[in-house]
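Me: I should like a close look at a single part of the structure shown below. Please give one connected account of how that part is put together.

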Amino acid sequence: MMVIWSGIKRLLTPKHDYSSLKTVTFGDESAVTSNSVASVVSVVLIFVLWGAFTGSKLLPGFLHVPGPFTGDASFTYTITTPDGQTDDATVAVIVHPATVETAAPEIEPGDGIAKNDSTAIGAYRSQLLRVDRNDDMGRDEETFITAVNGEPIAPGDEVRVDFGTVAMSDKGTLNIIPATGIQMEPIWLPAPEAVWVRMTEIATAGYRNSTLAEHLGYSLFRVIVGFLLGALVGIPLGYAMGLSNWFRGWFDPIVEFMRPVPPLALIPLVIIWAGIGEVGKIILLFLAALWIMAIAARSGVSGVRISKVHAAYSLGASKWQIMRHVIIPNSLPEIFTGARVAMGVCWGTVVAAELVAAEKGAGMMIMVASKFQSTDIVLMGIILIGIIGFSIDMLMRWAERILVPWKGKG
């Protein structure tokens, strides 16, 4: 408890650092920092909304939005014979969770022309019920249902009942539709605890002959290798475009042409040229990072203040010294920003890169799970990719603060 309280106290205590002492902060990017309390609240709010719309057991019931109807219910229908006689019968309905097999309740048929019926329906489901199958007179004898709970009904109409809606098809069959509320069905959006259970299961037992760590490790390896290759080629290319008219003339049209092309559009060409192995996946991620890093480096060079270059020349600096002590240091902030963007794009592309004949990887796991409507695995993969991507971004921000402490300080 003391550890938790100290953490909360640290979040609520205002920071007393260099930025807090500034008298003018509006428009100063270096003075804008993330509010820790707001960050925690935003994450908690997302999980609360997720739990509220899935009926999560982690939340108290009063926080849940209205869910589907489950339990016992009934309604009455009225039939009318050709000679104008009417008779009523009752339909007993039990609505059960879709994952639980439940038999229809037993009910006495009654003594009238219309006989009582019963049915069991899964939550979020509907069911067509031919109530005249066990009646003494049915549609074959020109006897039709004319009312539900005393309200007239005709083909195409519907009547609201206590547990949902009873509609009539064009052929006169009753369609029983229990109320679904506004909670999401687990097959579309499982509760947080269901995702956690599946993640612990895959972490221990594995998925498709590989552990969760192996899937994530393969994806991380592909992303890092593709990003590093893109940076190794893109940064020198960007420097050359920013410093040489000849290089800019040759490569600027190519870079600007390829920059808006989404990496997904390159998948067919990459498969044709490099096959479906690891090389093709890394090439796709390399291309995703290449153009971003080239533009970031070019922008960093173009943004260097010419007054700094003139000052260095006036002090007798050579071109290499200008490059080493002026161009590179002043372009690093732009390069780090481009690197963060490129890493995000690579993470977004890894799912597509692992679409093709991948045996391991988070993207492969998501795509295979989606084919079998295993939404809990899909959500698990998305969350893990987001957490790893966020962690990498935080690591790159930390490296930027250490390696480029002069950013934003003129």
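The part I have in mind is the open sheet with the strand order β4-β9-β8-β7.

Reply: The model is predicted, so local features are given only at pLDDT of at least 70 and side-chain atom pairs only at pLDDT 80 or more, whereas totals for chains, interfaces and linings use all residues. Residues are numbered from 1 along each chain as its sequence is written, and side-chain values rest on heavy atoms, without hydrogens or water.

The sheet is open and has four strands, with antiparallel pairing in the order β4-β9-β8-β7. Its edges are formed by β4 (127–129) and β7 (158–161), each of which pairs on one side only. From one strand to the next, the twist averages 25 degrees. Strands here are DSSP runs of E with at least two residues, and helices are runs of H or I with at least four, numbered from the N terminus; two strands count as paired if DSSP finds at least two bridges between them. The angles run from 0 to 180 degrees between N-to-C directions, along axes fitted as lines to C-alpha atoms.

I begin at the edge strand β7. Its side chains alternate: V159 and V161 point to one face and are buried, while E158 and R160 point to the other face and are not buried. Buried means under 20% relative accessible area, exposed over 50%, and partly exposed in between, with a 1.4 Å probe and protein chains only. In a regular strand, such alternation between the two faces of the sheet is the general pattern for side chains.

β7 is joined to β8 by four bridges, and the two strands run antiparallel. They form a hairpin, with two residues between the strands. V161 has G164 of β8 as its bridge partner, and V159 is partnered in β8 by V166.

How many residues of β8 are buried? Five of the five are, so the strand is largely enclosed by the rest of the structure.

On to the next pairing. Strand β8 (residues 164–168) is joined to strand β9 (residues 174–178) by five bridges, again in the antiparallel sense. V166, which is the partner of V159 in β7, has I176 as its bridge partner in β9. M168 stands opposite L174 of β9. β8 and β9 also form a hairpin, here with five residues between them, and G172 in the turn has a positive phi of about 95 degrees.

Beyond β9, the chain enters the loop between β9 and α3 (192–205), where I182 lies. I182 belongs to a nonpolar surface patch together with L45, L49, F53, M184, I187 and W188, and the group has about 650 Å² of accessible area.

The model also has an open sheet of five strands in the order β3-β2-β1-β5-β6, with mixed pairing. β3 (117–122) and β6 (151–152) are at its edges with a single partner strand each, so one side of each lacks a neighbour in the sheet. Strand β2 (residues 86–96) pairs with β3 in the parallel sense over six bridges, in contrast to the antiparallel run of β8 and β9.

Technical notes:
Patches are made of residues with over 30% relative accessible area and no salt bridge: like charges are joined within 9 Å, nonpolar side chains (Val, Leu, Ile, Met, Phe, Trp, Tyr) within 5 Å. Accessible areas come from the Shrake-Rupley method with a 1.4 Å probe; for residues, only the protein chains shown count as cover. A salt bridge is a side-chain nitrogen of Lys or Arg within 4 Å of a carboxyl oxygen of Asp or Glu.
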